[in-house]
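Here's a quick tour for anyone new to reading protein structures. Take a look first, then go through the points below.

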Amino acid sequence: MLHTVNKSPFERNTLDSCLTHAKKGSAILLIEDGVYGALKSTPYTDKVKAAMKNVAVYALYPDIEARGMQDRTIDGIKLVDYPGFVDLVAEHATVQAWL
Amino acid sequence: MVSAAGGGTIRSPRVRERLSWGRSAKAFGLARVRDINDTLTLQGELMKFGILVNEGPYTHQASDTAYLFAKAVLEKGHTIHRVFFYHDGVHNSSNNTEPPQDDRHIVNRWTKLAQEHDIDLVVCVAAALRRGIKDNNLAEGFRISGLGQLIETGIQADRLVTFGD
Amino acid sequence: MTETTGGIDMDEDTSGVVKKFLYVNRKAPYGTIYALESLEVVLIAAAFDQDVSLAFLDDGVYQIVKGQHTKPIDVKNFSPTYRALEGYDIEKLYVEKESMEERGLTDKDFLVPVQVVGRAEMADLMEQQDVVLTF
């Protein structure tokens, strides 16, 4: 399954909820304000890194760039653009949006 | 190994890798450069996408992300079964919007996409009536219909992606 | 069939296709419209003979508690509608145990029969679905 998270972990618990429900082998794509969850050195970084052992984590680069957060993402988080987003959706049988 | 068109999961690790990096790698000047479009087209894994937009224009990014996603879907050669507007998403169909000239015109953008690519833009009648969207203030390219259209898209499309708050 | 009957005009032949639909409810009622409008989708969906489940987690568990009296806030109390789901053959209602307990609730607090499942089981349920609708 592909999970999308579009809110900042500082604002809402959707990233946390998603991380506790994403099964091993699934993927999480952070979009919109959700890209703040991809950043190094936040209170959420360790949790995201731990999840990355079981789940592939991606972030939508246009949203990172829009927010001036370039070069601050956790190593190992894969950056994708909109075509990459489409591919991720195609690759996984189902998509679940955490709103 | 790609399973039959209609929603199969792409299993080959190499293809999976390509799908993840592909154009993004090129754009960011990273070492790996692959052209995913060829892979997908050659193997015929083209899909029907459904898109659900739950928020109105400007206040939330949902409509923007949905639109940019829809464009990317089409650019990759896939088709869009329907874009369904629900909750405040119905406001994306208002023909009364007058955003500042130096910024994107969200409603017109949807209209243009619908007209250029023959996309079905459906606004939920119940949500629309609650929020004052009716046929007489509906922008070009949109039509008002029932929630059944959303369920139908869920059934008919290979993928249904939701954009909301 | 017209738009007022839910747009069930079946432009395409959906007969025979049965997908697993999961409606994920994570938001509290009344503060926003998502709980109500999500329920409206579920009711329309009943006509399509799909394999429907409803999941209540995080604040979504509050949607189905008993004792909702909405007159003082002057909005329609839509909680009785959850009881109507059974009549539409929608009986798979799952409540996440951790979400329920964190909020000091038990299954006795709910106005409909539900299956209480742990987080891990909820994750499994989600993974099994063909279509997941979140509002």
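Where chains A and C meet, 11 residues of chain A are in contact with 12 residues of chain C (contact is when two C-beta atoms, placed from the backbone, lie within 7 Å). Keep in mind that this is a predicted model: local features need pLDDT of at least 70, side-chain atom pairs count only at pLDDT 80 or more, and totals for chains, interfaces and linings use all residues. Residues are numbered from 1 along each chain as its sequence is written, while chains are lettered from A and ligands numbered from 1 in the order in which they are written.

**Chain A's side of the contact**
- Two elements of chain A, α1 (14–21) and β5 (95–98), give two or more residues each to the side that touches chain C (helices are DSSP runs of H or I with at least four residues, strands are runs of E with at least two, numbered from the N terminus).
- By class, that side of chain A has four nonpolar, six polar and one charged residues; Ala, Val, Leu, Ile, Met, Phe, Trp, Tyr, Cys and Pro count as nonpolar, Asp, Glu, Lys and Arg as charged, and the others, Gly among them, as polar.

**The sheet in chain C**
- Chain C has an open sheet of five strands in the order β4-β3-β2-β1-β5, with parallel pairing (strands pair if DSSP finds at least two bridges between them).
- β4 (115–117) and β5 (131–134) of chain C stand at the edges with a single partner strand each, so one side of each has no neighbour in the sheet.
- On average, neighbouring strands of this sheet are turned by 25° against each other, direction ignored (axes are lines fitted to C-alpha atoms, for helices over the stretch in contact, and angles run from 0 to 180 degrees between N-to-C directions).

**Who pairs with whom**
- β1 (residues 20–25) of chain C and β5(C) share four bridges in the parallel sense, and C:Y23 has C:L133 in β5(C) as its bridge partner.
- β2(C) and β3(C) also pair in the parallel sense over four bridges, with C:K92 in β3(C) as the bridge partner of C:S53.
- β3(C) and β4(C) pair in the parallel sense over three bridges, and C:E96 has C:V117 in β4(C) as its partner.

**Helices on the sheet**
- Helix α1 (residues 34–45) of chain C packs on the sheet, touching β1, β2 (51–56) and β5 of chain C, and its direction makes about 165° with that of β1(C).
- Helix α4 (residues 119–127) of chain C packs on the sheet too, touching β1, β2, β3 (92–96), β4 and β5 of chain C.
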